[in-house]
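This report covers strand pairing and helix packing. Please keep the sequence and the structure in view while reading.

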Amino acid sequence: MKEKDIEAIQQLLAEQKKIVIIPHRNPDGDAMGSTLGLYHFLLKNNHHPVVISPNEFPDFLAWMPGSEKVEIFEKEIKKCTKILEEAELIFTLDFNALHRVGEMENVLKEIKVPFVMIDHHQSPDDYADVTYSDTSFGSTCEMLYHLISFLGKKSDIDKTIGTCIYTGILTDSGSFRFPKTTGTTHRIIADLIDLGVENTKIPTLLFDNSSYGRLQILGRALQNMKILAYKKTAFTTLTQEELDTFDHIKGDTEGIVNYGLSIKGIDFAAIFIENKEEKIIKISFRSQGDFDVNLFARSYFNGGGHRNAAGGKSEVSMEETVRKFEDLVSKITL
């Protein structure tokens, strides 16, 4: 992080402020971990922070400290708009383009207070007054740990803040399996464990607390999986009807795409999930090795993300979307 950016944030936080902290739409563990971690840090430093999520976060993250205080923009548009308009400083975490917050984008574009971006995705937009963007990090939570240290406040990281940071690092690193997991990542985790973060309990809360419906959805997704062995590719689909049959709730499809990569010989995996309310097919891509799914998603499915983990969307039918995907895969080299 550049010295001038550290100084700029120190100056912005020098006096007590009303601060809004925003994750991306459909927030995951890293988005919620980083926003809640920053929330507790700012509280500790006598600010008045509020986390506003564009929409509901998954139920498997509802145990996180402070999650009950998160405002949901889509549920309370007038209330959240008022909070945003009264803010003196806005932090955006784990995204780098305002369209990632959905309808909230229209409000944010009219606000004239300083913005601070903290994010690890590629190609950041230039909406923020201070941008801490670094694609070498595996998670925004790891960046938050460093930011607090750069501000000379590392001693403020306690069990509560550490729990939030641990959650984001754990989830965005694929439980420490993804390539951007470094020795520094593990040293941070060791520090958090020493602070009392319950490293044996958190994975259970995140990954071993499934509803029967979620397991049924996983089963259907595995039944629907297709293998394109000649292209080292696996993909699956879930229609709105299938989701409704098993009483789908937000978060139930999280991580299913990774099952494709667990198959021997597969280097590229995708899942296509129908959302009739939004009239889109939501897509997640994963890869291992050199295949760049960020570039693939940006080029063909109005999306983006990281080299080995990205997302996108399609506004045509499931059948047309899958047909387009299969045609594209037939032309790529893996």
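In which sense do strand 4 and strand 5 (residues 115-119) pair, and over how many bridges? The model is a predicted one. Strand 4 and strand 5 pair in the parallel sense, over four bridges. Within this pairing, Leu 93 has Ile 118 of strand 5 as its bridge partner.

Strand 4 also pairs with strand 1 (residues 18-22). The two run parallel and are joined by four bridges. Here Ile 19 is matched with Leu 89 of strand 4.

Is strand 4 enclosed or open to its surroundings? Strand 4 (residues 89-93) has five of its five residues buried, so the rest of the structure largely encloses it. Both of its faces are covered. Leu 89, Phe 91 and Leu 93 are buried on one side. Ile 90 and Thr 92 are buried on the other. In a regular strand, side chains alternate between the two faces of the sheet.

**The open sheet**

Further along the chain, six strands form an open sheet. Their order is 7-8-9-10-12-11, and the pairing is mixed. Strand 7 (226-228) and strand 11 (304-305) are the edge strands, each pairing on one side only. Inside this order, strand 9 (residues 268-275) pairs with strand 10 (residues 280-287) in the antiparallel sense, over eight bridges. Asn 275 has Ile 280 of strand 10 as its bridge partner. Helix 9 (residues 212-224) lies across strand 7 and strand 8 (233-238). Helix 9 runs at about 130° to strand 8.

The strand pairs described so far are set out here.

| Strand pair | Sense | Bridges |
|---|---|---|
| Strand 1 and strand 4 | parallel | four bridges |
| Strand 4 and strand 5 | parallel | four bridges |
| Strand 9 and strand 10 | antiparallel | eight bridges |

**A helix pair**

How do helix 2 and helix 6 cross? The axes of helix 2 (residues 29-44) and helix 6 (residues 159-172) come within 8 Å and cross at roughly 160°. Helix 2 is therefore roughly antiparallel to helix 6. The crossing is left-handed. On helix 2, the contact residues include Gly 29, Gly 33, Leu 36, Gly 37 and Phe 41. On helix 6, they include Ile 161, Cys 164, Ile 165, Gly 168 and Asp 172. By class, the contact has five nonpolar, eight polar and three charged residues.

Note on methods:
Residues numbered from 1 in each chain as written. Predicted model: local features only at pLDDT ≥ 70, side-chain atom pairs only at ≥ 80, totals over all residues. Heavy atoms only, no water. Axes fitted to C-alpha atoms, helices over the stretch in contact; angles between N-to-C directions. Parallel < 35°, antiparallel > 145°, perpendicular 65-115°, else oblique. Left-handed = near helix turned anticlockwise from the far one by under 90°. Contact = heavy atoms within 4.5 Å. Nonpolar A, V, L, I, M, F, W, Y, C, P; charged D, E, K, R; others polar. Pairing = 2+ DSSP bridges. Buried < 20%, exposed > 50% of the residue type's maximum accessible area, 1.4 Å probe, protein only.
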